[in-house]
Structure formats: structure tokens, C-alpha cells
Amino acid sequence: MSLSKPLILSVGMLLFTPFAMAASTVKTTCPESLEINNKSYAMSEVELFQGLPVKQGRLMPDTLDDMVWTLKDYQDYAKEMNMPLYLVCRYKGTDKTVTLQVPVTAKKCSAWFSNGKYAASCE
């Protein structure tokens, strides 16, 4: 018994849809601490940049009250100008940073305090 091509295509789409959805929900998160020479430094600040941080401008959050960046316009510009977004995580007591490229599928970045610790992510 042979299956028709439309049925095979439909089954294939159903099987791969969860994987496509999972890939589109990539989350980028700053490490909560940075380990240097056996000493731990807590995250203290986060910044968002259009393009490489050493060459480009820092983006301001949506409001002064919340550390939230809505990314649609920035992501459109990033695609058009080939200037991806970067999340820069800073740590108290050191000038070392962690720089993470924001996924092109991310819709927003945010930073917040949780259990006395600073946290930041883009998703």
C-alpha cells in the first residue's frame, strides 16, 4: 500500500514543526557571575548595542522605569545593515565583560533583580 505525496508531506511537516518552533525560541542569558582567577564577580549591569560594542551605539531601554528593549525595529535595521545586536554583561569589581550576540529571532531583551541578584536575557 502506497501513501500519497500530500499525506507524506503533511506528516513530515507535523514531525518537524516542533523542532522549528524550538529553534525560533532561542534565549540568550548573561551568566549571573564571572569567574576570574578563582574569584567570582556578580553581574551588575547590562547594555544593548547595535553592532559591535567597540564601534557602535548603545541602545536605550524602552522606558526609564524598566530595563526592557523591544527589538523589532532594531532587528529590522540589523538585518538591513548587517549590524547584529549585542548584549554586554558587566560585573562588579572587574572591567571584564561577557558579550553575547542577540539571536535574530529575539523579540525583546530585559534585565531585572531576582533573589538579590541581577539577571538579563534576550528572547
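**Exercise 1.** Classify S40 by its relative accessibility, and state its place and its contacts.

*Solution.* Step 1: the relative accessibility of S40 is 46%. Step 2: buried means under 20% relative accessible area, exposed means over 50%, and partly exposed lies in between, with a 1.4 Å probe and protein chains only. S40 is therefore partly exposed. The model is a predicted one, in which local features need pLDDT of at least 70 and side-chain atom pairs count only at pLDDT 80 or more, while totals for chains, interfaces and linings use all residues. Residues are numbered from 1 along each chain as its sequence is written, and side-chain values use heavy atoms, with hydrogens and water left out. Step 3: S40 belongs to strand 3, residues 39-50; helices (H or I, at least four residues) and strands (E, at least two) are DSSP runs numbered from the N terminus. Step 4: once residues up to four places away in sequence are set aside, S40 touches S33, L34 and E35, where contact means heavy atoms within 4.5 Å. Step 5: the C-alpha atom of S40 is separated by 9.5 Å from that of G93, a residue 53 positions apart along the chain.

**Exercise 2.** Is S110 buried or exposed, and which residues does S110 contact beyond its sequence neighbours?

*Solution.* Step 1: S110 is found in strand 8, which spans residues 108-114. Step 2: because its relative accessibility is 14%, S110 counts as buried. Step 3: with neighbours within four places in sequence left aside, the contacts of S110 are M67, V68, W69, A119, A120 and S121.

**Exercise 3.** Describe the secondary structure and the overall figures of the protein chain.

*Solution.* Step 1: the chain holds 2 helices and 9 strands. Step 2: along the sequence these follow the pattern α-β-β-β-β-β-α-β-β-β-β. Step 3: the chain has 123 residues, of which 28% count as buried. Step 4: among contacts with a separation of 6 or more, 58% join residues 24 or more positions apart. Step 5: the accessible surface is about 8700 Å², and 59% of this surface belongs to carbon and sulfur atoms; the areas come from the Shrake-Rupley method with a 1.4 Å probe, and for residues only the protein chains shown count as cover.

**Exercise 4.** Which residues of the largest nonpolar core touch the most other members, and which elements give two or more residues to this core?

*Solution.* Step 1: a nonpolar core is a set of buried Ala, Val, Leu, Ile, Met, Phe, Trp, Tyr and Cys residues joined through side-chain atoms within 4.5 Å. Step 2: the largest such core has 22 residues, and C30, V46, L48, L71, Y91 and V102 touch the most other members. Step 3: strand 3, strand 6 (85-91), strand 7 (97-101), strand 8 and strand 9 (117-122) each give two or more residues to this core. Step 4: taking V46 as an example, and not counting residues up to four places away in sequence, its contacts are C30, M67, W69, L87, V88, A111, Y118 and A120.

**Exercise 5.** Establish the strand order of the open sheet and its edge strands.

*Solution.* Step 1: strands of a sheet pair through backbone hydrogen bonds, either parallel or antiparallel. Two strands pair if DSSP finds at least two bridges between them. Step 2: the open sheet has 4 strands in the order 1-9-8-5, with antiparallel pairing. Step 3: strand 1 (28-29) and strand 5 (67-70) are the edges, since each pairs on one side only. Step 4: strand 1 is joined to strand 9 by 2 bridges in the antiparallel sense, and T28 stands opposite C122 of strand 9.

**Exercise 6.** Which parts of the chain do the salt bridges of E123, K117 and E47 link?

*Solution.* Step 1: the structure contains 5 salt bridges, each a side-chain nitrogen of Lys or Arg within 4 Å of a carboxyl oxygen of Asp or Glu. Step 2: E123 and K27 form one of them, at 4.0 Å from N to O. This pair links the segment after strand 9, where E123 lies, to K27 in the loop between helix 1 (5-24) and strand 1, 96 residues apart. E123 is partly exposed at 43%, and K27 is partly exposed at 48%. Step 3: K117 and E32 meet with their closest N and O atoms 3.2 Å apart. K117 lies in strand 9 and E32 in the loop between strand 1 and strand 2 (33-36), so this pair ties together parts 85 residues apart in sequence. Step 4: E47 and R58 form a salt bridge at 3.3 Å, N to O. Because E47 lies in strand 3 and R58 in strand 4 (residues 58-59), the pair ties together parts 11 residues apart. E47 is buried at 9% relative accessibility, whereas R58 is partly exposed at 47%. Step 5: salt bridges with shared partners join E47, R58 and R90 into one network.
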